[in-house]
Amino acid sequence: MRYITPLALAVALGVQACSGTQAVSTNQAVASTTPPTAAPAPAEPARDKQIDDLISNMTVEEKVGQMTQLTIDVILKGNEVATVDTAKLRNVLVNYHVGSILNVRNRAYTIDEWHQILNAIHDVTDKTRLKIPVIYGIDAIHGNNYLAGTTLYPHNIGMAATRNPELVNRLAQITALETRAAGIPWNFDPVLDVGRQPLWPRFEETFGEDVFVVKTLGAAAIRGYEQNGKGPDFSVAASMKHFLGYSYPATGKDRTPSYIPEQMLREIFLPPFKAAVEAGASTVMINSGEINGVPVHGSKYYLTQILRNELGFQGVAVSDWEDVIRLHTRHRVAATPKEAVRMAVEAGLDMSMVPTDFSFYDHLVALVKEGSISEERINLSVRRILALKKKLGLFEQVRPKAALKTTIHKPEFDQVSLQSALESITLLKNNNQVLPLKKSSKILVAGPTANTLGALHGSWSYTWQGNDESQYPAKAKTVVQGLSAKIGKDRVISRSVADFTHAANYNVAQLKKDAAQAQAIVLCLGEKAYAESPGVIDDLDLEENQLALVRAAKETGKPVIIVLLEGRPRVLSSVEPLADAVVMAYRPATFGATAIADVLFGDYNPDGVLPFTYPRFSGDVLTYDHKGTEVIREDVPNVAGNRGFNPQWSFGHGLSYTTFAFSDLRTDKTTFSNNDNLRVTVKVRNTGSKAGKKAVELYSHDQYASITPAARRLRAFTKVALQPGEEKEVSFTISAKDLAFVNEAGQWVTEPGAFDLMVGDQKTVVTLQ
């Protein structure tokens, strides 16, 4: 979603846990998806007498109001940031019966501001005829990022690098606690879009390119938000988003068309949502774009047949920002705004994030009264919305609790943030063991991301874009500050400034002069903070002014360490050979600088692994589970484009300051049937001199299949900690269903035949009879 200025508004208003030494695959196949001859009725919550009685007493206008969601700007005074205008609020709640409000204006609010705003809303709700509570929603994406001063956590792309579902679950629990303490019961998270298009500016919000990682970590997040066992004061409704195919736009531009074959849609993009439904997700947010020319907001096939009938989702489906009207203005599949409303509601939408006017409300009331949409259809959505409010306990306690103010900003939350950042950092290259650096070294720190907080945090960080340095709390440190705290200011030379585009960040002549005083050069490269469409770029190549810094640093003869702070892989193949070490830090957030310093100087042994395939060229983007048929001519090996799978670094790549060895990969049976479980074991030993953690990943390869088989597919993973010389045996349990793929008929199948099972450099073969 995006945010609007007050001026624009005025114009408009006229796991499973997979860590430890044993892991069980949770990869469940989707049932056969052949379209039924007669679609069953859409899934809906169990009937509840209190809700049915309430619905029977509601007018059409009150029902439609429940389906309407407006941004907070509609109820705020003038240009003031956090002051409610009571007259506007009464109009929204009394005259239009609006059931949901979302958002902030311009910045994160303090806990007291949140309580003041929400109590003002509930004061007016108490004076409405039926006193139905308003449900407030917010984008708490990597922590409660709209609570001023709170600790933030690595974005999902970094959390995927940890391969630690327990950490993901813990972050969701903390976020739920702080969001509910503010008085907000609904969080628009997690993103379950599979990151297959690295140009896409929301790539950092994904758990990466692998469907198994996405669905495992996504389900862990949902359980943390909704099922943490701590009761309604500490849990929120999650929103699985964005259903469906949002992350694969053909051009890489945000909110632009996707073209996805049905087989791919079901095999790659649908499973995370199936797992999320099974994990208990209460709500879903719909893809703003279109698939194969069909806007998802207007598609009964996607919103009813697949989401409701196939996946069995019973919760609330909400649009993204302004997307219903865009069926008319952007997609042009609806001839009028009124027709756009009819199309979206009939497709299966329950709530429209309008968000700045009453057009959805006016059109829907008219559609019901003229008979174009039945009141029974409206009742279905209202029942879902009221069931959500009851599930969250809003009928009993909708107001924020003052006592919960003491539950936020806990020191232990800082420790979880630091641990998450540490486990996410991925060592991509380390020639001649240039890392870790000695703490007695004097280092030059240069580059545009060296002294800015925005690059460490990325999107949704106290502001939508995350680029307002004044909004960050004092505990958030830049990389320069983190390194200075580690080895002392007198050992750190830096002229980098917070303004990403400032010439001082790219002064090659100054870098060469300063390097004379240093034993090593740390170049902090990557991307400034951005969110959604403002983050659109035309290619993945790192900008030339950043590449020039690497070339200049190499010319000094000093060791060159590149630290990447970026939300997506930016191509640096032209200068990668010039670097002695490359560290991928993603968007590590509040304690990212401390974590980077700990890794660079050896106080933490890096154990993150890539959650995506890092491309070597902008025009050669492949995923690790490619088809293996990329080579054009096997008899012409030197032709450009004939290199096949040739990334800069592969999915799952990540170095350590120690070494590990795998051995003795075994299965408890070499042949198995559809009804068997297969136990796979492997030994992993720390063969180096430092303690460390190792991600252990089980891959499979179908030797022959009716559809060209993937080169490999991740089927299970875990993470083990090993002391020097220590060995552990890791076991995984998988079934035939875990090896399934979607065939040409759109059905999940596991075909008989031989499968390679691989862990590290180990391989064994099993046969499905």
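**Note on pockets, cores and salt bridges**

1. In the second largest pocket, the lining residues divide into 9 nonpolar, 7 polar and 4 charged. The lining has 20 residues in total, and L655, S656, Y657, T658 and T659 lie nearest the pocket centre. Two elements give two or more residues each to this lining: strand 12 (426–430) and strand 21 (692–702). Of these, strand 21 gives the most, with 3 residues. The space in this pocket is about 300 Å³. The model under review is a predicted one.

2. The largest pocket holds about 490 Å³ of space. Its lining is made of 24 residues, and R196, Y248, M264, T623 and D625 are the closest to the centre. By type, the lining comprises 10 nonpolar, 6 polar and 8 charged residues. Which element gives the most to this lining? It is helix 9 (residues 262–269), which supplies 4 residues.

3. Next, the interior. Nonpolar side chains tend to be buried together in soluble globular proteins. Here the largest nonpolar core has 184 residues, and W114, F243 and L364 have the most contacts inside it. Helix 8 (residues 211–226) gives the most to this core, with 9 residues. A second core, separate from the largest one, has 34 residues, including A518, A579, Y586 and L610.

4. What does F243 touch, leaving out residues up to four places away in sequence? Its contacts include L270 and F273, then V284, M285, I286 and N287. Further along the chain, F243 also touches V296, Y302, L303, I306, L307 and L311.

5. The whole structure has 55 salt bridges. Side chains of opposite charge can pair when their charged atoms come close. One of the pairs is D538 with K253, where the closest N and O atoms are 3.6 Å apart. D538 is in the loop between strand 15 (520–526) and helix 20 (544–555), while K253 is in the loop between strand 6 (239–243) and helix 9, so this salt bridge ties together parts that are 285 residues apart in sequence. Are the two partners buried or exposed? D538 counts as exposed because its relative accessibility is 65%, above the cut-off of 50%. K253 has 23% relative accessibility and therefore counts as partly exposed.

6. A second pair to check is K512 with E555, with 2.5 Å between the closest N and O atoms. K512 belongs to helix 19 (residues 508–515) and E555 to helix 20; the two residues are 43 apart, and the pair links distant parts of the chain. K512 is partly exposed, with a relative accessible area of 36%. E555, with a relative accessible area of 57%, is exposed.

7. A third pair is R570 with E527, whose side chains meet in a salt bridge at 2.8 Å, N to O. Where do these residues lie? R570 sits in the loop between strand 16 (560–565) and strand 17 (581–584), and E527 in the loop between strand 15 and helix 20, so the salt bridge ties together parts 43 residues apart in sequence. Both R570 and E527 are buried.

8. Some salt bridges share partners. In this way R202, E205, D254, R255, D320 and E532 are joined into one network.

How values were computed:
Residues numbered from 1 in each chain as written. Predicted model: local features only at pLDDT ≥ 70, side-chain atom pairs only at ≥ 80, totals over all residues. Heavy atoms only, no water. 1 Å grid on protein atoms, 1.4 Å probe; cavity = no way out; pocket = protein on both sides within 12 Å on 5 of 7 lines; lining within 4 Å. Points joined across faces, edges and corners; volume = space filled by probe spheres on them. Nonpolar A, V, L, I, M, F, W, Y, C, P; charged D, E, K, R; others polar. Core = buried A, V, L, I, M, F, W, Y, C linked by side-chain atoms within 4.5 Å. Buried < 20%, exposed > 50% of the residue type's maximum accessible area, 1.4 Å probe, protein only. Contact = heavy atoms within 4.5 Å. Salt bridge = Lys/Arg side-chain N within 4 Å of Asp/Glu carboxyl O.
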